[in-house]
Amino acid sequence: MPRHIVANVDEIPPGERKVLEVDGRSIGVFNVDGEFYAIRNRCPHQGGPVCEGYLTGFLKARIPGEYTYTRQGEILRCPWHGWEFDVKTGQSWIDPKKVRTRSYPAHVSSASAVQSDPDLETGPYIAETYQVSIDSEFVIVEIP
Amino acid sequence: MSELYQSVIDTDIHNTIPSLKTLYPYLQDFWRDYLEESAFVGPDAHDYPAGLPFSARADSKSSDGPPGSQMELVRSNTIDAWKAEIGILTCNYWTTSIHHEDFALALSSAINDWQIDAFLNPEPRFRASLVVPGQNPELAAQEIDRLGGHPGFVQVIVPVRSHTLYGKRHFDPLYEAAVRNNLVVGIHYGGASGHPPTPTGWPVSFLEEYTGMTQLFQSQLLSLITEGAFNRHPDLKVSFIEGGFTWIPSFIWRMDKEWKGLRHELPWLTEPPSAYIHRHLRFTTQPMGAPPDPVHMSQILDQMGSTDLLMFATDYPHHHFDSPREALIKGIEEPLLGKIMAENARNWYALPN
Amino acid sequence: MTVTSAETKTQVREQHAAIDCDIHNAMPNDVTFRKYLPTEWHAHHQSNGRRGHVGSGYPRAVPHAARVDSWPPSRLPPGGDLGFMREQLLDYWGFDYGILNCLGGAGGDLNLPYAAALCRAMNDWQVSEWLEPEPRLRASLLVPYEDADLAAAEIARMGDHPGFVQVLLVCRTREPLGHWKYWKMYEAAVRHNLPIGIHFGGAGGGPITGAGWPTHYMEDHAGMSQAFQAQVASYALSGVFDAIPELKVVLIEGGFAWLPPLMWRLDHHWQHIGNGAVPLKRLPSEYIRDHMWLTTQPMEEPAQKAHFAQLLDQLQMNDRLMFATDYPHWDFDAPTTAFPVELDSDLKRAIMADNARNLYSLL
Ligand code: FES
């Protein structure tokens, strides 16, 4: 599976995201409490740039007035029609079985591993980051 | 006529009082005097202009009172004529539209006691709807608890033109009482809240107002679902009476679409709105608002997404058709026909086999 | 956040002509606005300012009800930056034309002469800052619609400008729009060959339902289709189409799936009940099909796609549906993905461009 370096770890602090093009595809990379997740920036509904929507929580209630707010910072709401997606799995809340965005494995790799990994394909971001922060860590996204 | 159908349950037959004097024996003295002294003539509604042929079939008229007020005539024109097993009376004397709430309760109770004496006791095939002061849900609950255990009452009836939308928590006492007494809540065409009946003001013609009431049914349905009325009262059943039904598929498409994007504002809705409609709502068949092309009617029936939703109604004494044959929904066959003509209502109102 | 949505871009451009019948341009700020406001109104504007039918607002899902990605880098409000609108909408999707429907309530101010001045300013601003710099754009003329004389005067002033292709009203008016108080405005529009466009929204002083004010934004948003139904019934039953036979009405951002059942019940009950003192010469649905157009957004989305084709068949208005995005609002419809089913190419061409081209006389 081709792997792409998409960002320097420091560049996407917790709660932040980066939207970029990898291999002709627009992808959003999210840092949720130190864990990285990557989502295709194309909403399964009408194709809106889903990664540019609010990153928010999931509101639950049994009846009006009894609100429970959970999973703050883990729910992505499409900037067009507001469908909600789980940033960790790409799953849509309204119909989890049928509707999901594509999510890609994302993980953090140390610089030495990057240099020694022959499978790694470099993404568009690589030119600058690879060169300047050789001892730092990079975010890698695998694109099947 | 009735050989057209295996069995028939008519879910919308209007009965009403012969005159306010009919209620005197059922009212306390001070309310009787209040009535006399104030020259009260009835709730301020013009649901059916008296001079319009549509408002009353010719055979419903009698010199003894307004159409729907004489039990024998109602019986012969409805359940006898149709060989119906059961006819559900829907008294649309809108005490909900009277601003004086205690007076509205007193009138409601008097009407309900009169319904028992004049319709339910003499004719066991009739069931009735409890008239309540819907503008005050606490008082309405009081009346529901007073008579809700009577086997003749199967429903509480309120007008679609309410002061406040029916989904609001304001109505909880009414809904709790209905559920407690195993009664359906019937929301019926008409009423007078004082609000303009449309979102764009007061219509000019009666036709505009009459057809526009369907939009108000849509608003009430939106309210019941978005406010979580069915989450708060999981056993609540609501019948929409005389509001039409061909609008339901398009309404569902819009509402389910809205929910997908605005769910976060209505987190108690764990399913699309259509699921609540299928579980908690039923609709009577008149006025049908039928498309001229029967193919379109079959499409609509299919698009409703459930065969349980429709319940046959004549809407007596209002004039929708000249014979039972005309009342048929063209192109409908068994088993759907049997469900619409009787079985859906039987299940909904828990009527005997 | 850096935004790169080139992926979507590469796959959307189809070689079909396309016209967007509902785009919202926005006044960037009050400084610009005052440049166009007649000086005699500056003191009033300063001291009293705008006053509408308050109490009808709901917090919307997003600021300005706009797509989160529609805020221009210039930090002007969504729809307020022509350059960004070109980039994100006109060029991006390759629209041949776009119709601007500027909202913001200028025509609905309670002080009607002031409303007239506000509309005048907005219309002059639209000419200089939108129509002149961008030949693909056409605009709707804002008018103080609750006063037919004042509205007719603005139509007379600007109605012959080639950039204006319709007169814009809102769906929530004080009276149902078939009411005779509006007829002089319609006569003026017809004199200048302009259709009347009725757009989602507005506030007419009454609640959005016949039973008072709802609680949630969704009830207001979805509830607008009840308001549209009331307007259509009013037009069809008012006799206005017999009195002003050239009148054309466009329903904008109301959806359209509710229309077949409405036409059925109007026809059916008219045959039973009649229409009182206003005799109709034809079925209500015939007036509707002859005099009305509809924009497609927000497209209804049946769970079963086949139902969408049935809807078009029931509607029988294939020559009257006109595609619209509603840019920059959040309930935006994308030209390539909004239709739940693949339309045949003639119908697609009609809805995407030809119907609007004919109505608005676009070359
Ligand atoms: S495009 Fe994302 S919700 Fe519609």
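1. A residue counts as buried when its relative accessible area is under 20%, and as exposed when that area is over 50%. In this predicted model, B:E123 has a relative accessibility of 6% and therefore counts as buried. The residue belongs to the loop between α3 and β3 (126-131) of chain B. Once residues up to four places away in sequence are set aside, B:E123 touches B:M71, B:R75 and B:I79.

2. Helix α3 of chain B covers residues 101-120. How far apart are the end C-alpha atoms of this helix? They lie 26 Å apart, and this agrees with the 28 Å that 20 residues should span at 1.5 Å a residue. As for its surroundings, 16 of the 20 residues of α3(B) are buried, so the helix is largely enclosed by the rest of the structure.

3. Chain C offers another buried residue to examine. C:L259 is found in helix α10 of chain C, which runs over residues 259-273. Its relative accessibility is 1%, so C:L259 counts as buried. Leaving out neighbours within four places in sequence, the contacts of C:L259 are C:V232, C:I288, C:L294, C:L315 and C:M317. By contrast with these contacts, one may consider C:A65: from C-alpha to C-alpha, C:L259 and C:A65 are 25 Å apart in space, with their positions 194 residues apart in sequence.

4. Chain A contains two helices and 11 strands. In what order do they follow one another along the sequence? The pattern of chain A is β-β-β-β-β-β-β-β-β-α-β-α-β. Of its 144 residues, 56% count as buried. Among the contacts in chain A with a separation of 6 or more, 54% are made by residues 24 or more positions apart.

5. The interface of chain A with chain B brings 16 residues of chain A into contact with 14 residues of chain B. Together the two chains bury about 1,300 Å², of which 62% is on carbon and sulfur atoms. Which residues of chain A lose the most area to chain B? They are A:P64, A:W93 and A:I94, which together account for 37% of what the chain A side buries.

6. The interface of chain C with chain B involves 63 residues of chain C and 61 residues of chain B. About 5,200 Å² is buried between these chains, 61% of it on carbon and sulfur atoms. On the chain C side, C:M218, C:W264 and C:I273 lose the most area to chain B, and their combined share is 15% of what that side buries.

7. The second largest pocket has a volume of about 930 Å³. Its lining has 30 residues, and those closest to the centre of the pocket are B:K260, C:E301, C:P302, C:A303 and C:Q304. Which helix supplies the largest share of the lining? That helix is α8(B), with five residues. In chain B, α8 (248-262), α9 (273-280) and α10 (294-303) each contribute at least two residues to the lining. Sorted by class, the lining comprises 14 nonpolar, nine polar and seven charged residues.

Notes: Residues are numbered from 1 along each chain as its sequence is written. Chains are lettered from A and ligands numbered from 1 in the order in which they are written. This is a predicted model: local features need pLDDT of at least 70, side-chain atom pairs count only at pLDDT 80 or more; totals for chains, interfaces and linings use all residues. Side-chain values use heavy atoms; hydrogens and water are left out. Helices (H or I, at least four residues) and strands (E, at least two) are DSSP runs, numbered from the N terminus. The expected span of a helix is 1.5 Å times one less than its number of residues. Buried means under 20% relative accessible area, exposed over 50%, partly exposed in between (1.4 Å probe, protein chains only). On a 1 Å grid over the protein atoms alone, a cavity is a set of points where a 1.4 Å probe fits but cannot get out, and a pocket is an open set with protein on both sides within 12 Å along at least five of seven lines; lining residues have an atom within 4 Å of a point. Grid points are joined across faces, edges and corners, and a volume is the space filled by probe spheres set on the points. Ala, Val, Leu, Ile, Met, Phe, Trp, Tyr, Cys and Pro count as nonpolar, Asp, Glu, Lys and Arg as charged, and the others, Gly among them, as polar. Contact means heavy atoms within 4.5 Å. Buried area is the accessible area (1.4 Å probe) that two parts lose on being put together, summed over both.
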